[in-house]
Structure formats: C-alpha cells, structure tokens
Amino acid sequence: MLAQALLLQLGYNATLVTIGAALLGAAAGITGTFLFLRKRALVADAVSHATLPGVAMAFLIMVALGGEGRSLIGLLLGSAVSAMVGLWCMNALTRHTRLAEDAAIGAVLSVFFGFGVVLMTVIQSLGVGRQAGLEGFLLGSTAGMLFADAVTIALGGLAVLAVIAVMRRPMLLVSFDPEYAAAQGVNVPRVDMAMMALVMAVTVVGLKIVGLILIVALLIIPAVTARFWSERAGQVVILSGAFGGVAAYLGAAVSATAPNLPTGPIIVLFSAALFLLSLLLAPGRGVLAAILRHRRFQARVHMRQGLLALAQGQEIFEPLTRRLLRRAGLMRADGVATDDGRAQAAKALRDEARWAMLRRDQAQEAASAQYDGLRGIETVLTADQIAALDARIGAPKEAI
Amino acid sequence: MGSEFVPLSLPPLLIGAFAAVACALPGNFLLLRRQALIGDAISHVALPGIVVAFLITGAISTWPMMIGAAGAAVISVVLIEVIRRLGRIEPGAAMGVVFTAMFAGGVLLLEQTDTSSVHLDVEHALYGNLESLIWLDATGWGSLLDWDALRHLPPELPRIAVTLLGVVLFLWLFWRPLAISTFDEGFARTLGLRTTALGLALVVVAAIAAVAAFDAVGSIIVIAMFICPPAAARMMTNRLGVQVAWSVAFALLSAVLGYVLAGYGPLWIGMYDAVSAAGMIATVSGVILALTAVFGPCRHRAGAPAGV
Amino acid sequence: MDIALVSRDGKKITEPGGQDSPLAIRGLTVSYGEKPAVFSVDMTVEAGKMTAIIGPNGAGKSTLLKAALGVVPAVSGRVQVFGKPIARQRGRIAYVPQRASVDWDFPTRVIDVVLMGLYREVGLLGRLRGRHVKQAEACLDRVGMKDFAHRQIGQLSGGQQQRVFLARALAQGADLYVLDEPFAGVDAATEKAIIDVLKALRAEGKTVVVVHHDLATVAGYFDNVFLINTRKVAEGTVAEAFTADTLHDAYGGRLATAQIAQVAG
C-alpha cells in the first residue's frame, strides 16, 4: 500500500492530492526562505491563524445567500480576505505603536483565531457545520476530498510556483540586503508586499491539506533546514523548495495509506525529520560539526597560549593548556618544556614578533588585519615577505 | 438570581478570570523581553505533553497531564535555545520549527490512540470548555460557606487559583531581579544575577500558568492572555508596576466581558445558542488592544530600541 | 610582571605586583565564532588610577571588559578582582554598559534605573526604603540629573542617558568602576560632567577603567593606558605606553602618522 501510494497508484484523487501537496510544499519552502532570510518567519503564523474568521464568515455568507457553504473557492477567498485584514492589523500595530513585531504577531494570531472560533460555534449552532467539514481547515484533511478541490489545490500550488519563478530575483535581493536592493532601484515595500501575498497564497492553498495551525511549518521548517546546508542564499532557496516538496510528497502519500494518518501532521513530521538530520549532521552548521570544531578551536587557543607562555618562561596554570601541551609532547609533567616544545615555542614567539612588525607596515594593512592570535603568518605572506620581515626584526632571540 | 448564577456562571467566570490573570502577569515580562511568542509555543507543545502523559498513565488524570505538558514546555524551550545557538537561527524561526513539529507529533499520537472513551481531542485542547465547568452542588450564594458543596467545586477552580497564587508569589519575590535583567542583562550579570536561570524560571512559570489555564480554558485564551493585556497595558503607561496593574485589569475585563458576551450576546441579537466563551474572551482582549492602540496615552515609542 | 593566580597544586601563590590589583586578567581569550576577538590578553589595572582601554574599532576593547566581568563567556583565561575570584567581589565592581545595549523604551523612570544600582544592598527580600531613594537622588545629583528623576527614560537625550547609567554605577558604591564607551555620542556638557565625576572618584581612591575611543583626550583624562588590538599592544602610564610607536602598533595604517604625532607626546 505504501509503495503504491509513493508511486501514485492509489486512485486519481489521491494522486492529484499528492502531486498538489508536493507542488505546495515546494512553493511553501521557497516562499518561506524569503520570509526566513528577512527574519520574519513567524509572520506566517499570524497570517495562517488569521484565515479562520474568513473561512467561517465566507461559509456564513454563502449560507445566507442560499448556498450550501461548501464551495472551496468561496471559503479560500474568505480566508484570503481575513488573512489580509490580519496582516494589515499587524503592520498597523508595529508601525503606529510601540509594540515589537513579535507582540503584534501574537496579538493578531490569538485574537483572529479566537474570533474565528466564536464564528465556528455560531456555525455549529446553525446545525450545518459538520457537513461542511470546516474542522478540516484546522488540521487539514484530504480524506474524501472532491476532485474539483484536488484540482484547485494542484493548480494553486503551480500558480504560486510560477509567480515565484518570475519574482525570484527582486525577492532574493530584498531578503538578502534590503538597503542595497533599494539602491539598485528595487521597490522594497512592493516586493515585501508581494512576498506577503505569496505567503497568503501558500497558506490559503494549503489550508485544506495541512490545516491552518500547521501550515506555518511548511513555510519555516524547510527554509531553516536548507540554511544548515548552504551559506548562499540562492542555494538555500532551491534546497528549501526541494526539502519542502519531498516532505509534502512523502507525507501526502503516506497519509493516503490509512484513515487515521492526518495529512498535515504527517507532512510536518517528515519535514521535521529532515530538519533533525540536518541539525545533527550538516557539515558546516550541524551540531556534531560545531562541537568538534569548537573543541578543536579551544585546543588551538590553549596550545598557542601555552607555547607563548613557554617561550616567555611563564608558568602555565590552566589545566587544559597543560594537558594539551603534555599530550603533544611539548612539556614535561613538571612544567618544563621539552626540546620540541622549546622549538615550537620559539617559533610561536617569533611569529608574534613578525606579526608585530607586519602591523607597523602601512602597506600591509590588509594582511595584518588577518591577525587573530591563531593564524600562522605563512598563510598571509610569502616566504620572501617573511624573510624580509625577519631581516627587519634582527636575529632570532634565544628560546628559553 | 444567585441560585442560577452561583452554580452555572460563577465557577467559569472565576476560572476564566484567574486563568487570564495568571497568564497576563508573566506575559508582561515576556513581552518586554521580546519573547511574546513563547506563550504561543508553550500552548502548542502542551498537546503532545498531555497525550504522552495519557499514553503512559492510560487515564485522564490531572497531575500526570500537567507534568507532561510542563515537561513538554521545558523541552521545547531548551530545543529552541539549542537550535538558535548551534544553528545560528533567528529565535522566531527556531520557535516555529520546534512548536509546529511537536504539535504535529501530538496530533498524530492523538489520532493513533484510542481516546474515544475519554474526553481528549484537538478541538478541546484549542477551545477548552469553560462553559462546562459548573458547580452543580451549589444552590446559591450560601453554598460558598457550605463545606460539602465546596468540596464539589470543579477541580479546575482550586487548581487555577493555586497556580495564580504561585505566579503572584514568583513575581513578587523576583520582581527586581526580573526587572533588572529584562532591562539590562549585561549589567545584571555584573551584579552576579544568574540571568539565564532567571529567564528559564520565568518561562517555566509561564508554562505552568499556561498548562493550568490550558486545562480549563484551552490554548486560545492562553496565547491571547499572554500577549493582549500586557500589550494593551504597554500603551497606557511608562512604568513597569503600573503596566502590570493595567494588564491585570485588562485581563479581568476580557475574561468577564468575554464570558458574559458569549453567554448572553447571542440571545440579545436573537440567536438561541451561546458561542465559545474562550473565543469571545480572546476577541474582547483584541478589541481592548485595538482601542488602546488608537487611544492609549503612551502608545508611541519613547526611546530607541536596543542596538540603535 | 606575570602574576601567578593559582599554583600547580591548586593553591594560591602570593606574589607581589598583582595581588591587590583591582582587576588582574591573565591569558584571556574571547571569541565570537571561530575568530578570537581578544587573544591571550594579560592586564593589570593599577589601583586608584584612571585607565583608558584604547584601540581601533573591532579591536576587542569592549569584549575584553565584558568577558572579564562575566557578561560574555571566555574561551580561556583567568580574572581576579582585588585578589579574589570575581564571583566573591561582585559588590566591589560597578559596570556601565554601552548606551545602545538596552531598550530605552522600557517602561521605567530615571530614578528606578538608579535604584537598580542598589540591588545588592537591598537584597532579594529587602524592601526599597526612603533612604534608598535619597541615596539614588544623591547619585543623580552628582551627575547633574536630579531634576529628571521622575522622567521616563525614553525621553532623555543620549548624553542624559549616559549620565543616568553613571548615576546607577555610583549608587553601587563600588571600588572599581568599569565604563564601556561612556563618551560615545554624548554632548560636550555631558562629557565634562562625566569626567568630573570620574576624577572625583579617583580622588576618593577608587579605580576607574574606561573603554575610550577619542585619542585626543587620552592624555588629558587618564593616568594609564592599555592598548589593544586583539592582543595586548602596550600597557603603562600615558607617558610610557601612549607613544607614536605603540599607537602605530595598535592602529597600523589606520592612523596617519601626522595624527599620531598630534595626540602622542
């Protein structure tokens, strides 16, 4: 069954939903990256929670107009309108009052959601809410989805991706460095607005699959995951889209195999699994790499400091420094340097003197700015330049 | 009047009010520390905590669930910090990763577990069920002095009352260190204050308040009360103590007005059924915030934020 | 010169020269990420004197002090305050952070900020009393800010904010005053007010350490200087350590020779 699902052989609707989810996941991953690079990831949380009153209101209006209130397009339209109102409130709060963005996000999120819940209870009291399956909008449900709905979602995901393809350059520029972008003639507020529109589009399209509580995960998690693997914005965008697409595809397929596997949470959990792997194992920013690097770095600092202390005949009291020096065979247990230690200490001291001499040379400012106590001088100067420095310093001092 | 009010309305009113204040109090400090959304995160991760507690104990019993939820809150805060530090990820995004993933896990566990025999579902976790917390043994105001009747108070009431007391005690005791470390963390460290521990303690207290409130009134109120009353209070004054007092007033007003509007509002406009009290309380707190944002005497920034 | 802080077997060694130094730093390395901002720095502050820490932008001036006081963590190194570990000497240090490090929109008044300086005196369970408020007002008076006691801090100018921070440090009644860029972006009147207070502190026998950026005023304000550019460049009296040579060492090409000749005697 799982293999069937993954190979898109579980019927027409399920296939369409899975493809739609993958498109949506990719679109969300990419859109989310811009948001994340702009340090506004949780704005999406406010936007998605703000859709609830709109969904409920649209339902009530459609019922009042004599319809059934089930039209997905109508409900999504309502959700878009109320998300926009929520976004406007958030901007108004941060612009015109002293509140910081996080407070504005939380306020809009909770109040809109609360109001949405009020409207939902109104719908329930009308006695037609259950049939409309509005609960599905909270956590997403693809079970029993109509063919037309599945098409709507797939097309929506495709449309968002198309818009991103057109807008990617200015959006990347703005999310990377808004001031530079403005200087380049990019209309930053308009690009920001477009970015928010995309967030809203992703939210609205994703409501039915993932639900409004978890849609924010599709926007944030892939972007954060991708950030672990690359330092280049362009690559982060593409990776994020890939992570988002893969997680959504797997999630939708797996959830189609059994009735009690809700689509939204499964997709989010696949996404979170990818994130967890990246957090632990990514080469640059991953936890394991960071721990190893930090220990190596600490050891380098202590070694260098120890060598300099040896060279100047100072006693060393840091236990870690002593242990490292002894392990490297540079110092005996009683604190006296070995021959090897003396040689290396003299070299360290001489390097310090070379750096000091280098710093006095105004022409070498760029090179001397590289100094951080650890970097070997041979990494910034040629052998000839070092020889020239040595000539200016004079004969090497006797090591102690 | 008392014969209906005391059994049906007094307990939910008190529970709502206590829960609102218990969340609004630590919310003041979270707001000033730019951690307003911690409340959001905590109330999301309470769900997996509760479900796990249920799976372990096999029953809906209060204390394991409270511990489960509080444990999940602490785990989430630690995880957020780890991701933020190690991955050099901005706090908002780190938060977003952690609480959505944990919430998704909670929902999945819940769907996989047979909870049909017990009252445990996502909707309950979100909206709570304030209206159902009634005190059937009460016959009128006199029941407040009747020990037998008092023993049958909804257990949520004493629980949230004790929680509120704990929150008040914590803030009273640590008021000055909290204020100092919130305003100027570097200076606080040179005083020898354990600022990291203090920050964590604040989050734990907020988590306890959230979990106790959550149990009674659902997570919407929790998030709304962490943020809206303190944010509205921020527009009213430039003094910390006064701000906290305003936030308590706004929280109480939201709770009472929200409950009344939810219960009687629909009747006034000719509908028969009450609407969600939790939702209405959140809505009222939003209206208060909107009013203060437009009319509050101190709604504009007074000084530059840190780092400018 | 070099002071043994702890001997090999863990016991303290008494050695002349650093034991009573208000602030003795040994082998301090601090790093943000992989590049040390401060590398293996030794510093011995002379008691009863005013010391300026100078160096180019990004040279680790503030970082050195923040790490010494435990505001940011260090990779390695030891710090003693008046001959003891800093944890036992908190009451003897007053720290004035950079103005920009806090949120000036915080809901508090000037007097409340100064009262923060009395935290150790009042304690966790103690109550603020009238005499504490009087004490805080006296400190505000010393920096010429008494009339502003009940203002919201956001309404102050940059110079006034800096004076309030100094008043808070005065309230601590410390023996060692550590100030991070107190003269950055303040008006001339404030600069004068601050330096007068610092000189008065020195006259009382207190020790003052200041992260400073204005080379032109070093000779006029300070007794000693400490030049840093990631590692220590020079340390000593202004006459010894504030010379064209040491400035060249610290600033390299960033400071034109003409400028150096102007500021260094």
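Helices, in the sense used throughout this report, are DSSP runs of H or I at least four residues long, strands are DSSP runs of E at least two residues long, and both are numbered from the N terminus. The model described here is predicted.

## Chain B: an all-helical chain

In chain B, residues 195-228 are 97% helix and 0% strand, and the C-alpha atoms at the two ends of this span lie 26 Å apart. The stretch is one of those that the UniProt record, an unreviewed entry, annotates as "transmembrane region"; the annotation covers residues 12-31, 38-56, 62-80, 92-110, 157-175, 195-228, 240-262 and 274-295 of chain B. For residues 62-80 of chain B, another of the annotated spans, the helix content is 100% and the strand content 0%, with end C-alpha atoms 27 Å apart.

The chain as a whole contains twelve helices and zero strands, and its pattern along the sequence accordingly reads α-α-α-α-α-α-α-α-α-α-α-α. Its C-alpha atoms fill a box of roughly 60 × 50 × 40 Å along the principal axes. The radius of gyration of chain B is 20 Å, which agrees with the value near 19 Å that a compact globule of 308 residues would have.

## Chain A: helical and spread out

Chain A has 19 helices and zero strands. Its radius of gyration is 30 Å, whereas the globule rule gives 21 Å for 400 residues; the value is well over that figure, so chain A is more spread out than a compact globule. Taken along the principal axes, the box filled by the C-alpha atoms of chain A is roughly 100 × 50 × 35 Å. The domain assignment divides the chain into domain 1 (2-263) and domain 2 (288-393), and the centres of these two domains of chain A, taken over C-alpha atoms, are separated by 54 Å.

For chain A, the unreviewed UniProt entry lists residues 12-37, 49-66, 72-93, 105-126, 146-167, 236-254 and 266-292 under "transmembrane region". Two of these spans can be described from the model. Residues 12-37 of chain A are 100% helix and 0% strand, with end C-alpha atoms 38 Å apart, while residues 72-93 of chain A are likewise 100% helix and 0% strand, with end C-alpha atoms 31 Å apart.

## Where chain B meets chain A

The contact between these two chains involves 53 residues of chain B and 48 residues of chain A. On the side of chain B that touches chain A, at least two residues each come from helix H2 (38-57), helix H3 (62-86), helix H4 (91-112), helix H5 (122-127), helix H10 (219-234) and helix H12 (277-295) of chain B. H4(B) provides the largest share of that side, 14 residues. By class, the residues on this side of chain B divide into 31 nonpolar, 13 polar and nine charged.

## Where chain C meets chain A

Chain C contributes 21 residues to its contact with chain A, and chain A contributes 22 residues. Strand S1 (23-32), strand S2 (35-45) and H9 of chain C each supply at least two residues of the side of chain C that touches chain A, and the largest share of that side, four residues, comes from S2(C). This side of chain C comprises six nonpolar, eight polar and seven charged residues.

## The two sheets of chain C

One open sheet in chain C is built from four strands in the order S2-S1-S4-S5, with antiparallel pairing. Its edge strands, each of which pairs on one side only, are S2 and strand S5 (84-85) of chain C. Strand S4 (residues 76-81) of chain C pairs with S5(C) in the antiparallel sense over two bridges, and Gln80(C) has Pro85(C) in S5(C) as its bridge partner. Helix H1 (residues 61-68) of chain C packs on this sheet, where it touches S1, S2 and S4 of chain C, and its direction makes about 115° with that of S1(C).

Another open sheet in chain C has six strands in the order S6-S7-S8-S3-S9-S10, and here the pairing is mixed. Strand S6 (93-96) and strand S10 (231-237) of chain C are the edge strands, each pairing on one side only, and the twist from one strand to the next averages 15°. At one edge, S6(C) runs parallel to strand S7 (residues 176-180) of chain C and is joined to it by four bridges; Tyr95(C) stands opposite Val178(C) in S7(C). Helix H9 (residues 244-251) of chain C lies across strand S9 (224-229) and S10 of chain C, running at about 155° to S10(C).

Note on methods: Residues numbered from 1 in each chain as written. Chains lettered and ligands numbered in written order. Predicted model: local features only at pLDDT ≥ 70, side-chain atom pairs only at ≥ 80, totals over all residues. Contact = placed C-beta atoms within 7 Å. Nonpolar A, V, L, I, M, F, W, Y, C, P; charged D, E, K, R; others polar. UniProt positions renumbered as here; feature names shortened; annotations may be inferred. Domains from an automatic or database assignment. Pairing = 2+ DSSP bridges. Axes fitted to C-alpha atoms, helices over the stretch in contact; angles between N-to-C directions. Rg over C-alpha atoms; globule rule 2.2 N^0.38 Å.
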